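I'm opening a fresh page for a structure I haven't looked at before. These are my jottings, in the order I looked things up.

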Amino acid sequence: MLTLYGERFASRLLLGTAQYPSPAILRQAVEASSAEIVTVSLRREAARARAGQGFWELIEQLGVRVLPNTAGCRAAKEAVATAEMARELFDTPWIKLEVIANDDTLQPEVFGLVEAAAILIAQGFQVLPYTTEDLSVAERLVGVGCAVLMPWAAPIGSARGLINREGLKTLRAYFPDTALIVDAGIGAPSQAAEAMELGYDAVLLNTAIAKAGDPVTMAAAFARAVEAGRLGFEAGLIEPRDMASPSTPVAGTPFFKIDRVS
Amino acid sequence: MQILLNGEPIATDARTLDELCAKLGFAEAKVATAVNGSFVAAAKRGLTPLAPKDEVEIVSPRQGG
């Protein structure tokens, strides 16, 4: 079971709700993914408009846990105010904390991230920070009270997979008791499985499913990949080696001659 | 007076944030608010006076990743 701030979930796949071809496909994709947690955001509402209301009714019908984000915030103060608005609107202490450094890479602005996390945790929030795989930043985040870390695999929406696999592996080894979720940059089910095989607790993704040719089928594919990767990790992967090692018994090989052994 | 609502200048005679929300049709809507960069809880909107050039944000739930 996935445990996040004391709450347990059967699914280890968290799903974003943006960029789907239609609300109906979003709903079907969430169902096909078996995700129990979806991310949402806050955006400006036009006077007398009801865009937010319609979206919220759809999310409520899904019966999933909501994880609001602070996407687009460029400074700690903006992220804190956005988190406070999200807590009131969505009635949850959870916040996917994003403080973004620049538009090209959408990489976390880690100084503002740590600052905002400390402020929010002091206010009773349960913070899930979108961060890099940097160990020193992770230490700071855990130090201010984050019980979950969400390092990127690659830039948001890039579909490049685990760019710094070794860095993610080190992070896992260094924080055995912190829930680690790979967030952003996953493009294929195999990449999600790879993250899970490293021992990550969960994967959060959006674009790879929403922009797939068939988002509902892709959601099912990711659900299986995440489950397969987790089972593989739990089963204990063998270590890679440089040279071959025969799987068929050597003893008793027909026509065997000792002078053939190099 | 002129204020900035969601980044756009508008004229309003609302004295409080609560009045502004009502005038904009948000009285019962699922929205959250901030003034000059700071969150204002729904229960505090009536106690939050507006002044010229105030920057008001009114947001609602939306798709997110």
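**Entry 1: a leucine in chain A.** I started with the contacts of Leu113(A). Leaving aside its neighbours within four places in sequence, Leu113(A) is in contact with Leu97(A), Val99(A), Pro129(A), Tyr130(A), Thr131(A) and Leu141(A). A reminder to myself: this is a predicted model. I then checked where the residue belongs, and Leu113(A) is in helix H4 of chain A, which covers residues 110–122. Buried or exposed, I wondered about Leu113(A)? Leu113(A) counts as buried, because its relative accessibility is 0% and the cut-off for buried is under 20%. I also looked up a C-alpha distance: Leu113(A) and Ala76(A) are 37 residues apart along the chain, yet their C-alpha atoms are separated by 6.4 Å.

**Entry 2: chain A as a whole.** Next I stepped back. Chain A has nine helices and ten strands. Its C-alpha trace spans about 85 × 40 × 35 Å along the principal axes. Of the 262 residues in chain A, 50% are buried. I looked up the contacts between residues at least 6 apart in sequence too, and in chain A 65% of them join residues at least 24 apart.

**Entry 3: a threonine and its arginine.** Where is Thr92(A) found? I located Thr92(A) in the loop between helix H3 (76–90) and strand S6 (94–97) of chain A. Thr92(A) has 4% relative accessibility, so this loop residue counts as buried. Beyond its neighbours within four places in sequence, I have Thr92(A) in contact with Arg65(A), Val66(A), Pro68(A) and Arg87(A). With one of these, Arg65(A), there is a side-chain polar contact of 3.1 Å. I followed Arg65(A) further: its charged end sits over the ring of Trp94(A), 3.9 Å from the ring centre. So I can note two partners for this arginine: the side chain of Thr92(A) by way of a polar contact, and the ring of Trp94(A) under its charged end.

**Entry 4: rings.** How many aromatic pairs does a search of the whole structure find? I get three over all chains. One of them is Tyr174(A) with Phe175(A), an edge-to-face pair at 5.5 Å centre to centre, with 70° between the planes. I compared the exposure of the two rings' residues: Tyr174(A) is partly exposed at 47% relative accessible area, whereas Phe175(A) is buried at 9%. While on rings, I also noted that Arg172(A) lies over the face of Tyr200(A), at 6.0 Å from the ring centre.

**Entry 5: where the chains meet.** Last, I turned to chain B. The contact takes 28 residues from chain B and 31 residues from chain A. About 2,500 Å² is buried between the two chains, and carbon and sulfur atoms give 55% of that area. In chain B, the residues losing the most area to chain A are Lys30(B), Arg62(B) and Gly65(B), together 27% of what that side buries.

I searched for charged pairs here, and the rule finds three salt bridges across the interface. Among them, Glu57(B) pairs with Arg44(A), their closest N and O atoms being 2.7 Å apart. The wider count is 20 residue pairs in polar contact between chain B and chain A, both residues at pLDDT 80 or more. Which strands of chain B each supply at least two residues of the side that touches chain A? I have S3 (32–35), S4 (38–40) and S5 (55–63). S5(B) gives the most, with seven residues.

Definitions and conventions
Residues numbered from 1 in each chain as written. Chains lettered and ligands numbered in written order. Heavy atoms only, no water. Phe/Tyr/Trp six-rings, centres within 6.5 Å; stacked < 30°, edge-to-face > 60°. Buried < 20%, exposed > 50% of the residue type's maximum accessible area, 1.4 Å probe, protein only. Lys NZ or Arg CZ within 6 Å of the ring centre and 35° of its normal. Contact = heavy atoms within 4.5 Å. Buried area = accessible area lost by both parts, 1.4 Å probe. Salt bridge = Lys/Arg side-chain N within 4 Å of Asp/Glu carboxyl O. Polar contact = N/O pair within 3.5 Å; in protein donor to acceptor, adjacent residues only side chain to side chain. Helix = DSSP H or I, 4+ residues; strand = E, 2+ residues; numbered from the N terminus.
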